[in-house]
Each structure stands twice: as C-alpha cells, then as structure tokens.
Amino acid sequence: MEHIIYAENLSHVYTDADEGEVRALDSINLTVRHGEFVAVIGANGSGKSTLAKHFNALLLPTSGRCLVAGMDTKMSEHLWDIRQTVGMVFQNPDNQIVAAIVEEDVAFGPENLGVAPPEIARRVAEALAAVGMEEYRYHAPHLLSGGQKQRIAIAGVLAMRPRCLVLDEPTAMLDPQGRQEVLATVRRLNKEEGITVVYITHFMEEAVTADRVVVMERGRIVMEGPPRAIFSQVERLKAIGLDVPVAAEVAHYLRRSGVSVPEQVITDDELAVALCR
Ligand code: ADP
Ligand code: MG
C-alpha cells in the first residue's frame, strides 16, 4: 500500500441552520505517501480542518471517497483500524489533556484500546521519550507550558502507535519557544520514526520545512508542490490571502528591483548566503 491517505473527488457539505448548505470541500484529490511530511496552508475557512477530520473518519464525505491505508472511511467496520492508523492533534492543548498526572494522560488512549498494563507502561515511557518529556512523567499537566502540554498531547496519540499524525494548527496557541519545540518534535518523529505527518499551519516558516505543501482556497486545492516551488510564487500566495515567509518576500522584492537573488531562496539562511555573494 503506497498511500496512507487517498482522497478522490472528496466533497463535504455542512448543513447549517443559519447559512443553509456550506460546501466546505469541493472535489479534493489528494494522496499522502507513507513517510511524507505534508503541510496544508490556506486562509481561515478554506476547509483545512474539515479535510483533516476526514483523515480519521471524524467526518465522512458527502460525495467522493477517502481511504486510509486502503480502508474506506465510510465503512464502519474499519473505524477502529482507521482511528488507530491516524492520530489527530488539535489546536488547544488544554482540551486534549484528560488526566491530572502526565503518565495517566498518556496512558488514556492505550487503556481505552484495551492494551495490557505492562505494555501500557512500556508505551507511556516510549511516547514520553519520543517527545522529550520523560522527566515530566509524574508532573501535573496543567502546570506545564503550552509547548510542553502540546508535546504531552502528541505523546498520548503516539501511545496508540499510529502510522500517521494529522496535526491541525498545533502551534497556533503557543509562544515562539513552544512552537519551536512542537515543530522540532514532529519533524523528529517523521525523520527518525518514519511517522507520516499532515501538518496544518498558518505559520509559513513552519510549512517551509515540509516535503510538500498543499494550498487550499474555498474548499479546493489550488497549489501543491515542494516548498520552494510554492513559496517563490509570492504574488499568487498574497492574492489567496496568505503570508509568505519573510525571506521569500524580501528575495522577491529585491529581484524585482534588479538585485540578483536566486528564485529558490525561501529561508533566512539562504537569503543571507545569497546576499553575501
Ligand atoms: P479552516 O480550518 O481552513 O479554517 P474549516 O474546515 O473549519 O476551515 O471550515 C470550512 C468552511 O466550513 C467554513 O466556511 C466554515 O464556516 C464551514 N464550517 C466548518 N464547520 C462547520 C460546521 N460544523 N457547520 C457548518 N459549517 C461549518
Ligand atoms: Mg481550522
């Protein structure tokens, strides 16, 4: 099975009491390969969260289909396997913490899966190590920083041994230090543990580090490709209402005013090197 996530002509229509029908997803075609790190960006209301919720069957397609590791999300007999394959992490760490002690919180998922206690203990230790939070095992989650709480939430998902993590703006409520911790943790899980990552963000500097960037606008995928190919299209991204990484934008305006800067510059370091030439 080459694709862990496969969406084909996937549409989702919400029926809203006030607004009537809202077509939040409009014929999405998207595949995510095993081991990939895909960033999803798009303005507020473009359908990112709706799409993410299809990847572990929290929402079902109105039309089209969504397969997770080959399993159709519409077939209820797959629900359990799908939820174990794809773990979700949301924006607000406080809403994801359920216990008063870190280790109990991380154990909550595997306990619900009926995993035996010695195996749970092993998984808790492993998951906390994977997010660099071993030393907080017996701490109270509510006393941790936002970034640490979000890493505990990720550990709780990891303890269920998912093959794919879908993170919906996991850093939106964090300070710069917390953002950095969470992104570094997720990147490490991808590179070293081979966990597939779908990472929704409105921080362009985070999306720059992905293998592939998917840009959404009004329920559709309007751009898709490696970060360099996406973030060099400064005018187009701005027209969609998105920010551009600062370095990419500076490079763009320098180029327009005749300074020779390569098209491929999208990070601060690359810009510094290009300008020092
Ligand atoms: P994003 O995550 O990119 O901000 P969402 O997926 O949350 O976008 O929303 C996409 C569209 O669907 C928006 O127009 C939003 O108002 C609408 N929407 C989201 N959730 C619901 C819901 N539960 N009921 C009705 N409309 C919704
Ligand atoms: Mg959202």
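**Two pockets and a ligand**

Biologist: Let's start with space: how much of it lies in the second largest pocket?

Modeller: About 220 Å³ in this predicted model. The pocket is lined by 15 residues, and Asn44, Gly45, Ser46, Gly47 and Lys48 lie nearest its centre.

Biologist: And what takes up the space of the second largest pocket?

Modeller: That's ligand 1. The protein's atoms alone define a pocket, and a molecule sits in one if more than half of its atoms lie within 2 Å of the grid points.

Biologist: What makes the pair between Lys48 and ligand 1 a polar contact?

Modeller: Check the distance: an N or O atom in the side chain of Lys48 is 2.7 Å from an oxygen atom of ligand 1. The cut-off is 3.5 Å for N or O atoms, so this pair counts.

Biologist: Why does the backbone of Ser46 count too?

Modeller: One of its N or O atoms lies 3.2 Å from an oxygen atom of ligand 1, and that is within 3.5 Å, so yes, a polar contact.

Biologist: How do you know which class the residues lining the second largest pocket fall into?

Modeller: Each is sorted by residue type: Lys counts as charged, while Gly and Ser go with the polar ones. The lining comes out as two nonpolar, eight polar and five charged.

Biologist: What about the largest pocket, how is its lining divided?

Modeller: Into 13 nonpolar, eight polar and two charged residues. That pocket has a volume of about 590 Å³, and among the residues closest to its centre are Met88 and Gly109.

How values were computed. Residues are numbered from 1 along each chain as its sequence is written. Chains are lettered from A and ligands numbered from 1 in the order in which they are written. This is a predicted model: local features need pLDDT of at least 70, side-chain atom pairs count only at pLDDT 80 or more; totals for chains, interfaces and linings use all residues. Side-chain values use heavy atoms; hydrogens and water are left out. A polar contact is a pair of N or O atoms within 3.5 Å; within protein, one must be able to donate a hydrogen and the other to accept it, and residues adjacent in sequence count only if both atoms are side-chain atoms. On a 1 Å grid over the protein atoms alone, a cavity is a set of points where a 1.4 Å probe fits but cannot get out, and a pocket is an open set with protein on both sides within 12 Å along at least five of seven lines; lining residues have an atom within 4 Å of a point. Grid points are joined across faces, edges and corners, and a volume is the space filled by probe spheres set on the points.
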